[in-house]
Amino acid sequence: MAPGKRKASFKPKIGAGKKPKGPGQFKKSISEKKLPANPFELKFNRPKHNVLGAKRSMVGAPGASKKNAIDNRRKTLQIEYKHMGKVNQIVDKRFGEGDATMTAEEKAAKRFALQRSLATNVKKQHKNKFLLQDDEEVTDFLTHKGQTLTDVAKHDRTMVSDDEEDEDTGNLHRDVVANAHFGGGWMRKDGEGEEEEGQPRLGRKDMVMEMIARSKLFKQEKQNAKDEIEQATETLDEKWKSLLQSGNVSGFAPGINKHATGGVQHDTYDDLFRELQLNGGGRADPQDKMKSAKELASLEKERLEELERKRFARMNEEIEEDEEDEEDEAAEADEEEDECNSEEDEIEVEDFDAMGEPSDDETEDSKPVKATSEAEDSVVTDDPTLPYVFDLPQSYKQLTALFDGHTAHDQVLIIERVCKCHHPSLKEGNKQKLSKLFVHLLRFYDSLAASENGPSETKTLGVLLKPLYKLMKYDVDYAARAMRALLMNKKKKRGAHEAPSFAVIAFFQAVANLFPVSDKFHPVCSPSLAFAMDIISTSHVTSLKDCSRLLFLCTILCEWVNDSKRYMPEVIAFLRGLLLLAVNNSVDEQFPSTAFPISEPHRRMLFVNQKISTGVEPVSLSVVFSAQKGTSDALKASVVRSVLGTLNRYIMIYSNAHADSFCAIFKPFDALIERLPKDQYPEVFQTEISEFLSALRSECQKRSAVKHLHRVNNNIKMIEMLEPKVDLNFDPERATRFKDAKNDPNADRKRLQHKVKREFRGAVRELRKDAGFIARQKRTDRMRVDRERDEKTKKILHDLQFQESEHKKREYEKKYKRF
């Protein structure tokens, strides 16, 4: 050993006997180290209040949380997505393979049945693939000639006749086609295709020639057979004609030789068959189309004119005139009517008499044009000689002359025929003329009601309301003006305290039938109702007739308020006054209005002093509106009974609409009805009064609970005091989210419901995130596949381009090769 050199010491190193660490151990140690958090990725939650016992983190890392969620989905959801549809083991799914009790034959039979059922289900699914409903729900099918479309056989092959088949020389016989096309290419049948000794196989050209020869032979045979059938048919026809002409077959069937000289008789079935064959496939032409209102009016006029012409022919026993003369007369009438038409002058509403006067330019004659129709009149005439065509009356005198001598039904029929002959759609100016006719007919209605026989003509007045309504529809505004003018005329003619006449009551009835009385405001109904209330409140009751007339008006007004339920205090007060007249009242008692008398003999006008032996009959209109004065006890009882009947109708009208004020309106009638002299009335009437009184008391008792109105008390809201709410039983571990949770018996249920809602929202949120993760994974896979396809396409194109360049290079070298 050389001096100055120290001997190397071999000291064992630390960990010399341990195994070296692998690469995975180094990675694990690195991953276990927690890297310091990036302060920019942290989120600090600063609470507003320090809550005692709150377990809430003040610092959060949303980025790390999101990364952990993605990693968890990659470990679970992504693996399941990749393994979806993949199986790493073999599973025996044969039917009955694991069942030791079944024999091999039973297993085979079961498997066969299962396979058949699966095949059937597949066919059904394929068949019902485009059905919108299930088999059990399908109840309606599209049909054709009584069969469903699925059951109808489909024949795609067009049916051609023998002539067309013969003319088409390019078609081959089906036997030839079957043997040549679908028989393996051999023109022979089974056993003939093999090569026989000494006979070589036919070539293609020979096969085609043989096929054409056979086709021509078949067509020739078919044509020969057809010629033979035609020749035999002609021979039989000639023999049959000769037999018919000889008459030897006359005894076999009667009438068989009827048309022997003219040839064979025609059969109706054959004629029908030829007609259907010629018209087959043709579309039906429209026969009766819908007619417009103008066409219908024209046809109706034509019908009436034709009937009128026939009536004149039957009456005079003359031959009908030529159609040319009628057309000339109609043309002349049209020219005269065109010359007389002019614009209608504006008329003041107050002058009702002036509205019915014709203008200077209007003419008296107006003839309709010719038309045809099969419609019938809505009213049956009582006079068979009534004409069908009438001239339009231009004045009130012409209308009265036209109605003279005719019944009410005939008058309605006359107006109906006039409207049809002069419909506004037929000629210009007819609308104004029909409006004037409404005024004339309204004047006739009013005159008939104002006459001495007016009360006895109620049936005629009721029948005239129908043509009035029909004429009003042609011009409603003009009709309203006419009614307002008649209303003003009634007001002017009425006295200060006069009871209503029959004409006034008939006017109110006409208004109720022509116009909607239930409207809140109407230009005719509203002023008419005000006029009626004025009559009831201002008319002085001086006799039983005045009481009856006003009571009749109250009965008419029931129809006015039947739908609108409008309260009329004048009517209720008048009925109370009539009942007060029927009791033994004193001077101290006051009537509800000044219309009733206050003197001693008249204030008990309806009071009955003596016993009535006869029955109580309804009040007759002829007695009420006659000139004679009636003061009998029977008439008084009849008026009282009418009062109770009218009161009953108003009780029925106001029972539901005015339930809150029902007792206030009808309670005073209880005492008055109780004071009636029932002993003087007949027993039947007494029973009616008792039943009515009990019904009134029961209705008042039902609606006696009246809620008094009072001012609404608005509670003054106190100012909210900012005082702390101290909970002495507060538990930080189990904080409650609602008040008085510990005293609530449903506290546990509410707490569980809250947890369910919270978990449900969390599950929905997680499912939404899972769906987004799967969508991103699918997009990534699709992009990867697209990228791989693009790379392969580029590589293929690159190789092709390289091959093309090499090919061109060789071609170039061959072309310009230097020797």
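This talk walks through one predicted model of a protein chain, from the overall make-up to single residues.

I'll start with the whole chain. There are 819 residues, and buried ones make up 27% of them. The secondary structure comes to 26 helices and four strands. The accessible surface is about 61400 Å², with 53% of that belonging to carbon and sulfur atoms. On contacts, take pairs of residues at least 6 apart in sequence: 71% of those contacts join residues at least 24 apart.

Now two helices. Helix α7 covers residues 204-246, which is 43 residues. From its first C-alpha to its last, α7 reaches 64 Å, close to the 63 Å expected at 1.5 Å a residue. Which residues of α7 are buried? They are Met-211, Ser-215, Lys-226 and Leu-244. Note that a lysine and a serine are on that list.

The other helix is α26, residues 747-815, with 69 residues. The span of α26 is 101 Å between its end C-alpha atoms, and the expected value is close, at 102 Å. In α26, the buried residues are Ala-747, Gly-762, Phe-773, Ile-774, Gln-777 and Asp-781. What do they pack against? The buried residues of α26 pack against α2, residues 62-75, and α3, residues 77-82.

Next, the core. In soluble globular proteins, nonpolar side chains tend to be buried together. Here the largest nonpolar core has 115 residues. The members that touch the most others are Phe-508, Leu-557, Trp-560, Tyr-650, Phe-666 and Ile-673. Where does this core lie? Domain 1, residues 388-501, and domain 2, residues 540-705, both give residues to the core, so it lies between them.

Take Leu-557 as one member of that core. Leaving out residues up to four places away in sequence, Leu-557 touches Leu-529, Ala-532, Met-533, Ile-536, Met-568, Val-571 and Tyr-650. Tyr-650 was also among the core members with the most contacts to other members.

Leu-557 is also where helix α19 ends, since α19 runs over 544-557. The loop between α19 and α20, which covers 569-581, holds Lys-565. Lys-565 has a positive phi of about 55 degrees, although it is not a glycine. The relative accessible area of Lys-565 is 29%, so this residue is partly exposed.

Further along are two residues to compare with their surroundings. Asn-609 is in the loop between α20 and α21. Is Asn-609 buried or exposed? At 56% relative accessibility, Asn-609 counts as exposed. Asn-609 and Asp-633 are 24 residues apart along the chain, and 8.0 Å separates their C-alpha atoms.

Val-624 sits in helix α21, residues 621-624. Val-624 is buried, with a relative accessible area of 5%. Setting aside residues up to four places away, Val-624 touches Lys-545, Ser-548, Arg-549 and Val-619. Pro-455 is 169 residues from Val-624 in sequence, yet the two C-alpha atoms are 9.1 Å apart.

Last, the cysteines. A disulfide is a covalent bond between the sulfur atoms of two cysteines. How many disulfides does the model have? The count comes to zero, using a cut-off of 2.5 Å between sulfur atoms. Cys-421 is in no disulfide, and the nearest cysteine sulfur, in Cys-419, is 9.4 Å away. Cys-421 is buried, with a relative accessible area of 2%.

Why is Cys-663 not bonded to Cys-700? The sulfur of Cys-700 is the closest cysteine sulfur to that of Cys-663, but the 4.8 Å between them is too far for a bond. Cys-663 also counts as buried, at 14% relative accessibility.

Key. Residues numbered from 1 in each chain as written. Predicted model: local features only at pLDDT ≥ 70, side-chain atom pairs only at ≥ 80, totals over all residues. Heavy atoms only, no water. Core = buried A, V, L, I, M, F, W, Y, C linked by side-chain atoms within 4.5 Å. Buried < 20%, exposed > 50% of the residue type's maximum accessible area, 1.4 Å probe, protein only. Domains from an automatic or database assignment. Contact = heavy atoms within 4.5 Å. Helix = DSSP H or I, 4+ residues; strand = E, 2+ residues; numbered from the N terminus. Expected span 1.5 Å × (residues − 1). Areas by Shrake-Rupley, 256 points an atom, 1.4 Å probe, with all protein chains shown as cover.
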